[in-house]
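Good morning, and thanks for coming. Please have a look at the model on the screen before I start.

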Amino acid sequence: MKKEKAYKLGVGQTRFRKRFRRRQRMRKIRSCILWMAGTVAACTCIALTGFHVSYASDTGMIGYIEQGETVITNKMSLLLREPTRGEVITCRLNVGGSSHTFQRRVIAFGGETVEISDGCLYINGQLCQEDYTEMQTYSSIGSFSVPPGCYFILSDNRDAGPDSRDGLYISKEDMIGSALEPFDIRQVQERLASLEDMALDTINTVGSLIR
């Protein structure tokens with residue numbers, strides 16, 4: 001083989017190897033981008049279907065949830081089970097002819113009797129120890145019979161409302177889900193800013209690989 005042909009063949013093989021490696025990098029980059037897009041889409045679907053985001057609109061649960069705090073509610077938690085006594089839920093209450101979202105504590109179930117006397121809560125005549133609240137009202141507000149299929153809910157801040165003391169019993173359909181621990185929205189914003197910086201760094205890295 002002549003030197004000229006050997007040289008051309010070597011140059012061609014070098015170019016071919018460069019194009020082959022470039023295609024490999026592009027395939028890896030496309031796969032990574034598709035994987036990231038699929039992961040984001042899956043997480044978004046789970047977040048939209050499984051969780052509910054709301055704000056504490058009043059001081060009813062002060063001490064556990066402060067007014068204005070962001071509350072994440074697990075919508076899936078109450079699909080296969082009943083709420084437990086003392087559990088904090090996010091629910092819809094019809095107040096003033098319109099539906100509003102509140103966080104309240106489940107106190108009693110259908111068929112039970114609830115009484116608040118001198119700041120003490122009685123269920124079916126038995127004293128209920130409430131370790132979760134220190135903001136109790138010391139007035140006597142009478143006895144309530146919870147209708148079948150309904151739930152009796154109360155605010156931890158007994159000077160606030162609305163709740164079942166106003167005749168607002170709720171059904172399972174009124175419950176959005178179990179309220180998780182509240183969090184500061186500023187922490188989420190800082191986390192999103194950090195993720196944005198990571199995404200920009202990834203884009204710059206991908207751009208340098210393509211070049």
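First a term: strands here are DSSP runs of E with at least two residues, and helices are runs of H or I with at least four; they are numbered from the N terminus. Gly177 has its place in strand S10.

Before I go on, two remarks on where the values come from. This is a predicted model, in which local features need pLDDT of at least 70 and side-chain atom pairs count only at pLDDT 80 or more, while totals for chains, interfaces and linings use all residues. Residues are numbered from 1 along each chain as its sequence is written, and side-chain values use heavy atoms, with hydrogens and water left out.

Back to Gly177. Is Gly177 buried or exposed? Buried means under 20% relative accessible area, exposed means over 50%, and partly exposed is in between, with a 1.4 Å probe and protein chains only. Gly177 counts as buried because its relative accessibility is 0%. What does Gly177 touch? Contact means heavy atoms within 4.5 Å. Leaving out residues up to four places away in sequence, Gly177 touches Thr73, Asn74, Lys75, Ser77, Leu78, Ile89 and Thr90. From Gly177 to Pro83, the C-alpha atoms are 8.9 Å apart in space, with the two positions 94 residues apart in sequence numbering.

Now the sheet that contains S10. Two strands pair if DSSP finds at least two bridges between them. An open sheet is formed by 6 strands in the order S1-S2-S10-S3-S4-S9, with antiparallel pairing. S1 and strand S9 (151-154) stand at the edges with a single partner strand each, so one side of each is left without a neighbour in the sheet. Direction ignored, neighbouring strands of this sheet are turned by 50° against each other on average. For that angle, axes are lines fitted to C-alpha atoms, for helices over the stretch in contact, and angles run from 0 to 180 degrees between N-to-C directions. S2 and S10 (residues 175-179) run antiparallel and are joined by 2 bridges. Thr73 has Ala179 in S10 opposite.

Next, the loop between S1 and S2. Asp58 lies in this loop, which connects S1 (51-55) and S2 (70-74). With a relative accessibility of 14%, Asp58 counts as buried. Which residues does the side chain of Asp58 reach? A polar contact is a pair of N or O atoms within 3.5 Å; within protein, one must be able to donate a hydrogen and the other to accept it, and residues adjacent in sequence count only if both atoms are side-chain atoms. The side chains of Asp58 and Arg104 are joined by a polar contact of 2.6 Å. The Asp58 side chain also reaches the backbone nitrogen of Gly60, at 3.3 Å. Not counting residues up to four places away in sequence, Asp58 touches Gln67, Phe102, Arg104, Gly161 and Pro162.

Two of those names come up again. Gly161 and Pro162 are joined by a cis peptide bond, with omega at about 0°. Pro162 lies in the loop between S9 and S10.

Glu69 is also found in the loop between S1 and S2. Glu69 counts as partly exposed, at 23% relative accessibility. Its side chain reaches the backbone nitrogen of Glu66 at 2.9 Å. Glu69 and Asp58 are 11 residues apart along the chain, and 9.9 Å separates their C-alpha atoms.

Now to another sheet. Here 4 strands form an open sheet in the order S7-S6-S5-S8, again with antiparallel pairing. S7 and S8 are at the edges and each has a single partner strand, so one side of each has no neighbour in the sheet. From one strand to the next, the twist averages 30°.

Which way do the side chains of S5 (residues 113-117) point? They alternate: Val114 and Ile116 point to one face and are buried, whereas Thr113, Glu115 and Ser117 point to the other and are not. S5 is joined to S8 (residues 142-145) by 4 bridges, and Thr113 stands opposite Ser145 in S8. S5 also pairs with S6 (residues 120-123) over 4 bridges in the antiparallel sense. There, Ser117 stands opposite Cys120, and Val114 stands opposite Ile123. S5 and S6 form a hairpin with 2 residues between them, and Asp118 in the turn has a positive phi of about 55°.

Last, Asn124, in the loop between S6 and strand S7 (126-128). Asn124 has a positive phi of about 55°, although it is not a glycine. At 46% relative accessibility, Asn124 counts as partly exposed.
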